[in-house]
Amino acid sequence: MAELPVPELPAALSRCSGRFTISTLLGMEEGGRCPYAPSEGAGCDSAHPTHLSSSTLCTRTFGYNTVDVVPAYEHYANSKGGDDGSKGRPSLADLHSILKPDSGRLHPPVSDPQCSNGLPEEAPGEPGRAPQPEPVRFGWVKGVMIRCMLNIWGVILYLRLPWITAQAGIALTWLIILMSVTVTTITGLSISAISTNGKVKSGGTYFLISRSLGPELGGSIGLIFAFANAVAVAMHTVGFAETVRDLLQEHNSLIVDPTNDIRIIGVVTVTVLLGISLAGMEWEAKAQILFFLVILVSFINYLVGTVIPATAEKQAKGFFSYRAEIFAQNFVPNWRGPEGSFFGLFSIFFPSATGILAGANISGDLKDPAVAIPKGTLMAIFWTTMSYLVLSATIGACVVRDASGSLNDSVGLGSPGCEGLACDFGWNFTACAQRQSCRYGLSNYYQSMSMVSGFGPLITAGIFGATLSSALACLVSAPKVFQCLCRDQLYPLIGFFGKGYGRNSEPIRGYMLTYVIAVGFILIAELNAIAPIISNFFLCSYALINFSCFHASITNSPGWRPSFRYYSKWAALFGAVISVVIMFLLTWWAALIAFGIVIFLLGYVLYKKPDVNWGSSMQASSYNMALNYSVGLSEVDEHIKNYRPQCLVLTGPPNFRPALVDFVGTFTKNLSLMLCGNVLIGPRQQKMPESRLTADGHTKWLTKRKIKAFYTDVVAEDLRSGVQMLIQAAGLGKMRPNILVLGYKRNWQTVSPQSLEDYVGILHDAFDFKYGVCLMRMKDGLNVSRVMQAHVNPTFEAAEHPEENGTGGRAAPGTAADPVALPSEQQASTIFQSKQGKKTIDIYWLFDDGGLTLLIPYLLGRKKRWGKCRIRVFVGGQINRMDEERKAIVSLLSKFRLGFHEVHILPDINQKPRPEHVRRFEDLIAPFRLNDGFKDEATVNEMRQGCPWKISDEEVNKNRAKSLRQVRLNEILLDYSRDAALIAITLPIGRKGRCPSSLYMAWLETLSQDLRPPVILTRGNQENVLTFYCQ
């Protein structure tokens, strides 16, 4: 490939091999010097760097000077997507913003051979230190294929497959084998797909399932899979011990008695296997190769035996070498005994097809798991399948089903009274066949392979190799899987076993735990009860692996890109379903136990909600479901019956106004949308980093407080424009806020007049955008930021009182600005977190706003903490029509089915308020009056130029009745609701352009002052939110 021409650089610069210091890059911007003209005597890698050159960027580019870097492996090694500067990729700010000489923000150099003439750099202060020894890593043959083949082969190959062939016939035996292999092959394809979808670390099956389906299913299956492997060590060891015990019995050489001999031999054997495992993976692999060679020799020995002419002793036991007649007779089934059925034999054979996860379980010890696991697993399935098919066909073609084993049963050809195929070969087994007392033949003698083979003891050695290799594989698998599970800390009290030792991080503690479990079950010496449960645990793993592959495929996540393409999501789903079906076919009660344990462990992890994020397909599925439902919701027209109060809550930093958060979170939880909005006021370049830093912290704070809400913030030049952004842009489709919730501005009399204008303007903006408004006032205020800051720094004094409007004042240092401290800070307690007992919720439904003033208290009263409160409804009326008006309101409320039965009519609402209260209101608005002397409108507008919040005398006079009504309402609230738990009242509306902001705030102040309970001033958008119709 042709290279681009590179301009010749000065010699001093060429020595750096592509490395440029930050000072060099800044040279043109700051000093005007060309970066290609370094100072005399100073090279690129000067021993005396400038104040900026201590941190360098190695830019392996193609011929020009830039901060940008070319793609490299190190830039993508962090799967969490965090900004890790040590990896060398510059941040977006480094490329987009003005490059400033801020050494604290510059990335350290990337270690790259091309940047240092190809020589590795030594660690500072450690010259000539010996390199760390490389851990032992295995390829696909030694690490996966041989290991899987050894785990698949077992005693069933030697002791049960000939008997299954006699029962089911060669045809159905092949069908049983192929059905079993179909399940394992589909699972193998699923393993291949999952293991090639990214870098696989240690943990095997648990790692694959947990990183695909998430910690809930992954953790439960990891725990039971590790336990199943530990018990499988005991099962295989007992199988070996029983074979040794039988040999001792044949020679009358029992150590103690048959049962205790199994225990003694088993414990000694598992102790030796433990020693091999502790010696390291290299020794364990050598032992596995030895077992593999023994099994191969025994298999070759058997095949050689089938072609050797049969001796008289072997013929007496039913072996006649290859005969077409024997093959034809054994081709069809001959069911015998209680287990003589297709599914009965299938359940016996299927465990011999398992074991395909042995290679994946040591994924951390493989050179390249993504290559080794698919290749080794599928090759192991292929070769073991061929061995099963060849064995059943060959032994079915040369051994008859029944034989006496007696040399006296030889007869001449065509002898009368002789029945059966053996008569054609000169043997009469009729008597024992009719009495079903034959001791030999495929149907009766489990050691048929040993009898057929050229040298019988080699078959016994093969049985030893099969059992010991399976036990050793399980002894290694269990600790490896368990170690990864312990390190993830999904369950308590198991972290002790996660520590690794040596260059391979061997789980020594896990080995010892597995050894203790295995010895415990060996001492029981009766594993028939536990064996079905263990088989179902393995099948559970197969089902979940297949489901993982299917689920990852069906979610269409862009992150699902396995390099292994030969899989099908529907085949994976079929494999998952058939694995569950086989669980119940094998042992239904064991399947129920396995499912019960998985569900219990799943429930525990769901309850604990571990703080892990592995990018599982469950997360992708949640996104798909949310997206599909959101799009589907947009296609449905809105209906009053489905109205939900979706709230945009102007909290600022949510931890500053916990009462406002708790109030809205109480009635929206599991019901509707809650979105906490924060306006960051200031220059965009200054506030954007703060927004990025604190967003996650605020979300975690909400989660810790058990508030189901979203958090969003905007950067704006002023408060009102920021809220306008939120009102217009917040939400998605039909999941958009329809109510603006904010706190009452307690300091409206002392803040700057523009701040007062902005606050009232926000209310006008909400009504303009057809929002309902809910304004909350508490006696002690809502903003707790100063209290929080006092705990951090007692000397803190804010330069400006934090605004009480819940719309995002400046964050106090060390509180909202610290994303780490946010979730862990002490949670402030509010009235909405405590039980209210038998108090009252008083609703003053003074004006018809569509029903929102009624709906919010009703939703609040459905919650447990407010459930015992009586809800009282107060409406205005005339004294001479009290009964009629009360009946009308009760009838209306009953049609709404809200359950409000206590209705009060306020006939004295239009009475004149007390003079002292009127004077207090006049004193309240006095600082804001224009005192224009009732001049004409043009003169008033000119006088009010630059101070629109001023109240003219004409406006005071025109709104006098409304002002007095607020004073009177406050008197009524104090009389009727002084001891209520909550007061909900219709929010008065000031006409835009006709009611100055100071006058409107004076109304709100007068209406809600001196009240102990929280006051909720609510105004809907004048559209119905309640209906009593069914359609």
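Over which ring does the charged end of arginine 160 sit? In this predicted model, the ring belongs to tyrosine 446, and its centre is 4.1 Å from that charged end. A second case of this kind involves lysine 286, whose charged end sits over the ring of tryptophan 283, 4.8 Å from the centre.

Stepping back to the whole chain, there are 1031 residues, and 51% of them are buried. The secondary structure comprises 35 helices along with 12 strands. As for contacts, if we take those between residues at least 6 apart in sequence, 80% turn out to join residues at least 24 apart. The accessible surface adds up to about 49,100 Å², with carbon and sulfur atoms accounting for 57% of it.

Back to the rings: the structure has 31 aromatic pairs. One of them brings together tyrosine 858 and phenylalanine 900, with 6.3 Å from centre to centre and 65 degrees between the planes. That angle makes the pair edge-to-face, because planes over 60 degrees apart count as such. Tyrosine 858 comes from helix H29 (residues 852-861), while phenylalanine 900 is in the loop that runs between helix H30 (882-896) and strand S10 (902-906), so the pair ties together parts 42 residues apart in sequence. Phenylalanine 900 has a relative accessible area of 3%, and so it counts as buried, the cut-off being under 20%.

Ring pairs also build a cluster, this one made up of Phe663, Phe667, Phe832 and Trp866.

Notes. Residues are numbered from 1 along each chain as its sequence is written. This is a predicted model: local features need pLDDT of at least 70, side-chain atom pairs count only at pLDDT 80 or more; totals for chains, interfaces and linings use all residues. Side-chain values use heavy atoms; hydrogens and water are left out. Helices (H or I, at least four residues) and strands (E, at least two) are DSSP runs, numbered from the N terminus. Buried means under 20% relative accessible area, exposed over 50%, partly exposed in between (1.4 Å probe, protein chains only). Contact means heavy atoms within 4.5 Å. Accessible areas come from the Shrake-Rupley method with a 1.4 Å probe; for residues, only the protein chains shown count as cover. Rings of Phe, Tyr and Trp (its six-membered ring) pair if their centres lie within 6.5 Å; planes under 30 degrees apart count as stacked, over 60 as edge-to-face and the rest as tilted. A charge sits over a ring if NZ of Lys or CZ of Arg is within 6 Å of the ring centre and within 35 degrees of the ring normal.
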